[in-house]
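Student: I would like to take a close look at one part of this protein, the sheet and what surrounds it. Could you please guide me through that part step by step?

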Amino acid sequence: MNYIKQLTYFFNKATADTGLTPTHSSLFMALFQLWNQARFTKSIQIVRDEAMSLSKINSKATYHKAMAYLHKNGYIDYQPSYNPFKGSAISFFPDRIVTTDTRNEPVQNLSTRTINEPYNKQYSNHIINHNMITQSRDKKNERDEKKI
């Protein structure tokens, strides 16, 4: 199972979905993590409290609305159990055939340096320029001195 392809499929689908909210995304990511922990089996059994905790959803009503939305829009197939001792069944992307055969999948190399090449900090891009920090600190000190 190539989980990168599954996540890419989700994000492509989510980009086109104008009704998807951060709550839906959070719940899906929590369910995806549970699916990952189950080693991407065809379907998983989930416990509501665990999924709510992972997704940081505190309201059962919000949880069930988000779950219904994900089910209705084809992100998951949700089969509630209504039994507190048996978890609800979830399968992912029911409108898409999820394959576990990765032999013919292309390998994507995201690195721009060779595998054995050591990391060289000199060639990395700095997000924050050190000179800007020093200049900002100097200006703050000047303002503090003027106040005194």
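Tutor: In this predicted model, strand β1 and strand β3 (residues 88–92) pair in the antiparallel sense, and three bridges join them. Within β3, the residue that stands opposite Ile46 is Ser88. The strand β3 also pairs with β2: these two run antiparallel and are joined by four bridges. Here Asp77 has Ser91 of β3 as its bridge partner.

Taken together, these pairings give an open sheet of three strands in the order β1-β3-β2, with antiparallel pairing. Its edge strands are β1 (44–46) and β2 (76–79), each of which pairs on one side only. On average, neighbouring strands of this sheet are turned by 30 degrees against each other, with direction ignored. In a regular strand, side chains alternate between the two faces of the sheet. How enclosed is β3 by the rest of the structure? Four of the five residues of β3 are buried, so this strand is largely enclosed by the rest of the structure. For this step, "buried" means under 20% relative accessible area.

The sheet does not stand by itself, since helix α2 (residues 22–37) lies across β1, β2 and β3. The direction of α2 is at about 125 degrees to β1. Helix and sheet also come together in the largest nonpolar core, which has 27 residues. Of these, Leu31 and Ile76 touch the most other members. At least two residues of this core come from each of α1 (3–16), α2, β1, α3, α4, β2 and β3. The largest share, six residues, is supplied by α2.

Ile76 deserves particular attention. Leaving aside its neighbours within four places in sequence, Ile76 is in contact with Phe28, Leu31, Met67, Leu70, His71, Ile90, Ser91, Phe92, Phe93 and Pro94. Leu31, named above for its many contacts within the core, is thus one of the residues that Ile76 meets.

Two helices that supply residues to this core, α3 and α4, also pack against each other. Two packed helices are described by the angle between their axes and the distance between the axes. The axes of α3 (residues 48–55) and α4 (residues 60–72) come within 11 Å and cross at roughly 90 degrees. These two helices are therefore roughly perpendicular to each other. At their contact, Arg48, Ala51 and Met52 in α3 meet Lys60, Tyr63 and His64 in α4. The residues of this contact divide into three nonpolar, one polar and two charged.

The loop between α2 and β1, which leads into the sheet, holds two residues to examine, Arg39 and Phe40. Arg39 has a phi near 60 degrees, a positive value in a residue other than glycine. Phe40 likewise is not a glycine, and its phi is positive at about 55 degrees. Are these residues buried or exposed? Arg39 counts as exposed because its relative accessibility is 73%. Phe40, at 11% relative accessibility, counts as buried.

Finally, the sheet may be placed within the whole chain. The secondary structure comes to five helices and three strands, and from the N terminus on the elements run α-α-β-α-α-β-β-α. Of the 148 residues of the protein, 26% count as buried. Among contacts between residues at least 6 apart in sequence, 54% join residues at least 24 apart.

Methods: Residues numbered from 1 in each chain as written. Predicted model: local features only at pLDDT ≥ 70, side-chain atom pairs only at ≥ 80, totals over all residues. Heavy atoms only, no water. Axes fitted to C-alpha atoms, helices over the stretch in contact; angles between N-to-C directions. Parallel < 35°, antiparallel > 145°, perpendicular 65-115°, else oblique. Contact = heavy atoms within 4.5 Å. Nonpolar A, V, L, I, M, F, W, Y, C, P; charged D, E, K, R; others polar. Pairing = 2+ DSSP bridges. Core = buried A, V, L, I, M, F, W, Y, C linked by side-chain atoms within 4.5 Å. Buried < 20%, exposed > 50% of the residue type's maximum accessible area, 1.4 Å probe, protein only.
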